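Me: Please take one part of this model, the interior around a single aromatic side chain, and describe it closely before following the elements that lead away from it. I would like the cut-offs stated as you go.

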Amino acid sequence: MTAPTEMVPDMTGYFKIFDDVRPLLVTRENPAREDLDGMDYERCAALHNAILKHGWVTSGRDPAEFDRVARPVIDIDSDAQCDKPSSIRAFLAAALTLEDTPEFKGQKMNFFFYLDTLCPHGDWHDNGGEEQMLTFYGTLMGHASKMDGLVYDFNVHKAYMHFDLCHWLEPYPTYPWQPLESILSVWVEMILCQKVVAIPDLVGREWHETGSDGLMYPCGGPEVDSKTGARRWWGGGDPWTIQPYTNDDLTRTLAAWETVVTCIESKMGLDDAATEQKLLTLSTVIEARIPDGFAREFLTGARKPRFTHIAPGLIVPDAKKTFIAQQRLHGEYRIDPQLPFNGTYDTPSILLFRGDGATSRTSQTSVHIYDQDVRRFQYGLYLRACQRDDPYPVEDGFELVLPFAFGDAFGNPNGHAKLSDGTPSVTDRSLLQHGNNPYNHGHLAQLRAFFDIVSANVKSRHWRVNKNGVAGGIDVWKKANSLERWKRYVVPVGPGEYW
């Protein structure tokens, strides 16, 4: 993929199946219910069924055929496994499946991008000899070395997206388990913003057909989906695919940038005169060898601010020579599509906001910067390298690399800095990251989240502003380690937030 989703003029009908369940989505105004003794099964089943039917219809199948072949996961009157809580059995009796029906034979369709289907008789997790955690939806191959899935805890009626059995799974509340309706709501959000897309079967396919002369000839479907511009992910998960970034990601990031720039300029006492000048010109980013993608679109689409510091100790890209020099990027970024994991990246790590110094501190985790010595590198905010065929590609993921850590040499916390999951932030680059993510693959926080953090801290006057922009220097970030201020440095994760 080399460009964001190309939206057709009107996508209203494309998402029509979700119209009836939009009032059921978990939001700040409509949170998950806490007054139930069990699962909110009606809400969960409705969200599950909407995702399943949307995948069926938008992949080119007949809506009427879905109503004919889809059936409940269990027949509640004849279900033999009556040991499950009543709300779980009610959910399984209302949730639909397309598996194991004669009409559906040979038409494999996965429930979601990284999940195959709802499996009521999945594997139990050993929890001190007590069977209380069951794998509800199985992980697809390509997303784990030893597949697990979405795990549901019958005791607390919360779920966790646990892709790989090789990774440790802690019970609630050690890990941030969530109500099932919250996780399903996040997956619907991913579909609505077209991070995850169900595409027709012929898109990205190649096959051979026999000609009139008896010879075999190669044939192929369109490279992209005509409605969404999405390409097929190389690892499967039919009919679902994933996009490294979308128009929605870019538009919202540019809006967040405009908000933070306007806020800082207002605090500086500047007028609201608009400028058409952008952060960087297209010729500059091309000379810096920034490939097509999110970084190029952002740098050439964001307006140039009238200050130098976007956050404490972080400098806005300015002079052409400075930006090109600070990248120190060499080599080919385009790779052979047959070798998606050959050690290179479709988009390299990009130093977006340079720190006002370098660090010689031995890093606890290396950042992939071409031709840089990881023992001494420029601190600052990086857009991290992205391989577009990764299981969960994120082109707008950032990493804030600081010249200090929040833990000791053994990785033990020495303060109060935290990740989104509530666990300590201890390394020199873990601040503002998610930690254990109950909704998705572990991945970097999105750039828009950084701008939201900056806006909030500037508006609240937690950060000062002077003639150069946000004041105070890089040491201001040490406030994240204080008991009084750590919450100002946490990215919210969940429905209606980030995921």
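Reply: Leaving out residues up to four places away in sequence, Y114 touches G138, T139, L140, H143, M161, F163, W187, M190, Y392, Y439, N440 and H441, where contact means heavy atoms within 4.5 Å. The model is a predicted one, in which local features need pLDDT of at least 70 and side-chain atom pairs count only at pLDDT 80 or more, while totals for chains, interfaces and linings use all residues. Residues are numbered from 1 along each chain as its sequence is written, and side-chain values use heavy atoms, with hydrogens and water left out.

Y114 belongs to the largest nonpolar core, which has 61 residues; such a core is a set of buried Ala, Val, Leu, Ile, Met, Phe, Trp, Tyr and Cys residues joined through side-chain atoms within 4.5 Å. Here buried means under 20% relative accessible area, exposed means over 50%, and partly exposed lies in between, with a 1.4 Å probe and protein chains only. I51, F91, F112, Y114, F136 and W187 are the members that touch the most others in this core. Its largest share, eight residues, is supplied by helix 4, residues 180-192; helices (H or I, at least four residues) and strands (E, at least two) are DSSP runs numbered from the N terminus. Another core lies apart from this one and has 58 residues, including F294, Y379, A449 and V458.

Helix 4 appears again at the second largest pocket, to whose lining it gives the most, with three residues. That pocket has a volume of about 400 Å³, and of its 22 lining residues A32, R33, E34, K158 and P179 are the closest to its centre. Pockets and cavities are found on a 1 Å grid over the protein atoms alone: a cavity is a set of points where a 1.4 Å probe fits but cannot get out, a pocket is an open set with protein on both sides within 12 Å along at least five of seven lines, and lining residues have an atom within 4 Å of a point. Grid points are joined across faces, edges and corners, and a volume is the space filled by probe spheres set on the points. By class, the pocket lining has eleven nonpolar, five polar and six charged residues, with Ala, Val, Leu, Ile, Met, Phe, Trp, Tyr, Cys and Pro counted as nonpolar, Asp, Glu, Lys and Arg as charged, and the others, Gly among them, as polar.

The loops on either side of helix 4 each hold a backbone feature. P173, in the loop between strand 7 (158-164) and helix 4, follows a cis peptide bond from Y172, with omega near 10°. Q194 lies in the loop between helix 4 and strand 8 (196-198), and has a positive phi of about 65° although it is not a glycine; Q194 counts as buried because its relative accessibility is 1%.

The enclosed spaces come next. Three cavities of 30 Å³ or more are found in a search of the whole structure. The largest holds about 60 Å³ and is lined by H48, L52, L96, T97, L98, E99, M109, F111, D116, T117 and L118. Helix 1 (41-58), strand 2 (96-97) and strand 3 are the elements that give two or more residues to this lining, and strand 3 gives the most, with three. The lining of the largest cavity divides into six nonpolar, three polar and two charged residues. After strand 3 (115-118), the loop leading to strand 4 (124-127) contains P120, which is buried because its relative accessibility is 8%. P120 lies 28 residues from L92 in sequence, with a C-alpha to C-alpha distance of 7.3 Å.

Y392, one of the residues that Y114 touches, also helps to line the second largest cavity, together with K195, D249, V394, H443, Q446 and W499. This cavity has a volume of about 40 Å³, and its lining comprises three nonpolar, two polar and two charged residues. Q446 is also in contact with F398, whose other partners beyond four places in sequence include L381, L383, L432, Q433 and F450. F398 is in strand 16, residues 398-401, and counts as buried because its relative accessible area is 0%.
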